[in-house]
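Me: Please take a close look at the surroundings of the ligand in this model. I would also like the answer to follow the charged side chains and the backbone wherever that helps to place the site in context.

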Amino acid sequence: MKISKTVNHENKLKKANDYIKENGVNVQATNSRLKMHFMTPLGWMNDPNGLVFYQGEYHLFFQFYPYDVEWGPMHWGHAKSHDGIKWEYLPIALAPSEEYDYSNIERGHGCFSGSAISVENKLVVMYTGNVDGRTPRQTQNIAFSEDGRSFTKYSNNPVIDAFPVEATEDFRDPKIWKKDELYYAVIGTKKDGKGKAAIYSSPNLKDWDYRGIAAESNGKQGDMWECPDLFTLNQQDILIISPMYGTKNSNPYYLLGDFDYETCRFEQSEFFTLDYGKDFYAPQTFTDDKNRRIMIGWMNMWFTEMPEKKDGWAGAMTIARELTFKNNKLYQSPIAELNDYRVDSEYMENIQVNSESNFNISLANASDILLIVDIENSKAESFDIFVKCSEDMKEKTNLHFDLKQMNITVDREFFGQGDTDDSIAPLSVNNGKLFIRLILDTNALELFINEGEYTLTSRIYPKNRDELFIIKSEELLQVERLENHSLKMEG
Ligand code: FRU
């Protein structure tokens, strides 16, 4: 019985890996591919899973359906990296194959999201097995790897086979960590119209005790909590949530609070939006050998158009972001290793923009732009940056900075193709200066305001290739410094 199970898994993996080998190359040659961001090799990808630093390398697993550009029975795709920026695809780690993660129902099963931990040279992953129609539908399971490449599902799965009375059958996305002698898992769930985070603990990752509901929605924080992530940063306990409101997924946020390891209660004090963009969901964090807390998010959102589907792929990840906690907030910025991919740099100082003189340059396909606006010495009450603009200006993404309301609107109305809805984020100024960093890629924009106090991630899909970058202001805008770095991945 044990052997036939393994054979089953092996067969499913082989089928999927062969399919990728045969079909991936064509997809990877299409124009819509990003230059600097991690993407699915082909087919569909959603959440990052199992982020871990293991034996000197970064590992990224992901929710993956290779056979179609729509969501389907979830596999765990796998990639590794020496620096957290440049990723190498590895064979698929998990495929649906057992009665707790596989069924004959066409799309209603799979290896759902979860996390990883490195234990004495082994890599252990914990994930949700989903089988529609099974009771319970969602269970928690583990798999082991000796080499960080091939994974064996535990023969006594599921390790958590029932949801607690405070939860319901939506019970998924275990995030594991270790504290002192125990392992902990936080699992997303819902009941009575409230999203909730359940806590379990275990001495060995195989036997789990239910420890209670750590936190739940205050009534405004969604009725289902997906992909919870609980960690401590600079002595602050932080809980990240990807919320659902009815059937709609919405911007993840983070709760600040106190987590008590005795009672396993997380007392929330405040909460903030984690990213204001239209394409950011299901982020996960981990720590590396430099003890940095790093986060990667899915750079898409459920039920959006995703024009790259016509090229045979759908799904990308944000650049890995280092998290820091200061001024009572989470700050996010691309990990420093991104700078190693700057190939051409241009530095400009004291640029004055007004109705007579717009600022106008052409960028590389992927670039890292830093802009410091001297607000105190400017007269403008608002200004615009147009990115991925065409020569005739008919196609553009408009970043409108309102310095009175102190917010920025990313307007995608004229940006080419795909969903056109706006996003809006707060602005803040530090010593009279507005710091803006933009990571631009083929069809992505990651915006970091005030060194990552606020971030906004959106996909933008220009049809033109002109890559014009324009700053426009009616009244005087004093740009103290502008750095334009082209980004390039070798090989
Ligand atoms: C979040 C999510 C998870 C689930 C996975 C399924 O985007 O819905 O809750 O495990 O995606 O692919």
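The reply below begins with the ligand and then turns to salt bridges and backbone.

Reply: This is a predicted model, in which local features need pLDDT of at least 70 and side-chain atom pairs count only at pLDDT 80 or more, whereas totals for chains, interfaces and linings use all residues. Residues are numbered from 1 along each chain as its sequence is written, and side-chain values use heavy atoms, with hydrogens and water left out.

The shell around the ligand, meaning residues with a heavy atom within 4 Å of it, consists of N46, D47, Q63, W71, M74, F112, S113, R172, D173, E226, Y281 and W302. By class, five of these residues are nonpolar, three are polar and four are charged (nonpolar covers Ala, Val, Leu, Ile, Met, Phe, Trp, Tyr, Cys and Pro, charged covers Asp, Glu, Lys and Arg, and the others, Gly among them, are polar). Among the polar contacts (pairs of N or O atoms within 3.5 Å), the side chain of N46 has an N or O atom 3.1 Å from an oxygen atom of the ligand, and the side chain of W302 offers an N or O atom at 2.9 Å from a ligand oxygen. S113 takes part through its backbone, with an N or O atom 3.1 Å from an oxygen atom of the ligand. Taken alone, the ligand exposes 320 Å², and the protein buries 95% of that area, as computed by the Shrake-Rupley method with a 1.4 Å probe. The elements that give two or more residues to the shell are β1 (43-54), β5 (109-119) and β9, where strands are DSSP runs of E with at least two residues, numbered from the N terminus.

Two members of the shell, R172 and E226, also belong to a network of salt bridges that links R137, E169, D170, R172, K190 and E226. A salt bridge here is a side-chain nitrogen of Lys or Arg within 4 Å of a carboxyl oxygen of Asp or Glu, and the count by this rule comes to 32.

Three individual pairs show how such bridges are placed along the chain. In the pair of K196 and E216, the closest N and O atoms are 2.7 Å apart; K196 belongs to strand β11 (residues 194-202) and E216 to strand β12 (residues 209-216), so that distant parts of the chain, 20 residues apart, are linked. K196 is buried, at a relative accessible area of 9%, while E216 is partly exposed at 31% (buried means under 20%, exposed over 50%, and partly exposed in between, with a 1.4 Å probe and protein chains only).

E308 and R459 likewise form a salt bridge, with 3.3 Å between the closest N and O atoms. Because E308 lies in the loop between β19 (293-298) and β20 (313-314) and R459 in the loop between β32 (454-458) and β33 (468-472), this pair ties together parts that are 151 residues apart in sequence. E308 is buried, with a relative accessible area of 1%, and R459 is buried as well, with a value of 1%.

K388 and E467 meet through their side chains in a further salt bridge, with 3.3 Å from N to O. K388 is in strand β26 (residues 382-389) and E467 in the loop between β32 and β33, 79 residues apart. K388 has a relative accessible area of 5% and counts as buried; E467, at 9%, is buried too.

The backbone also deserves attention, since most residues other than glycine have a negative phi and most peptide bonds are trans. A cis peptide bond joins T135 and P136, with omega about -10°, and P136 is placed in the loop between β6 (122-131) and β7 (138-145). Another cis bond lies between N157 and P158, where omega is about -10°; P158 is found in the loop between β8 (152-153) and β9 (171-179), and β9 is one of the strands that give two or more residues to the ligand shell.

Positive phi values occur at N291, near 60°, and at M306, near 50°. N291 sits in the loop between β18 (281-287) and β19 and is exposed, with a relative accessible area of 64%. M306, by contrast, is buried at 3%, and its place is the loop between β19 and β20, where E308 of the salt bridge with R459 also lies.

Technical notes:
Helix = DSSP H or I, 4+ residues; strand = E, 2+ residues; numbered from the N terminus. Polar contact = N/O pair within 3.5 Å; in protein donor to acceptor, adjacent residues only side chain to side chain.
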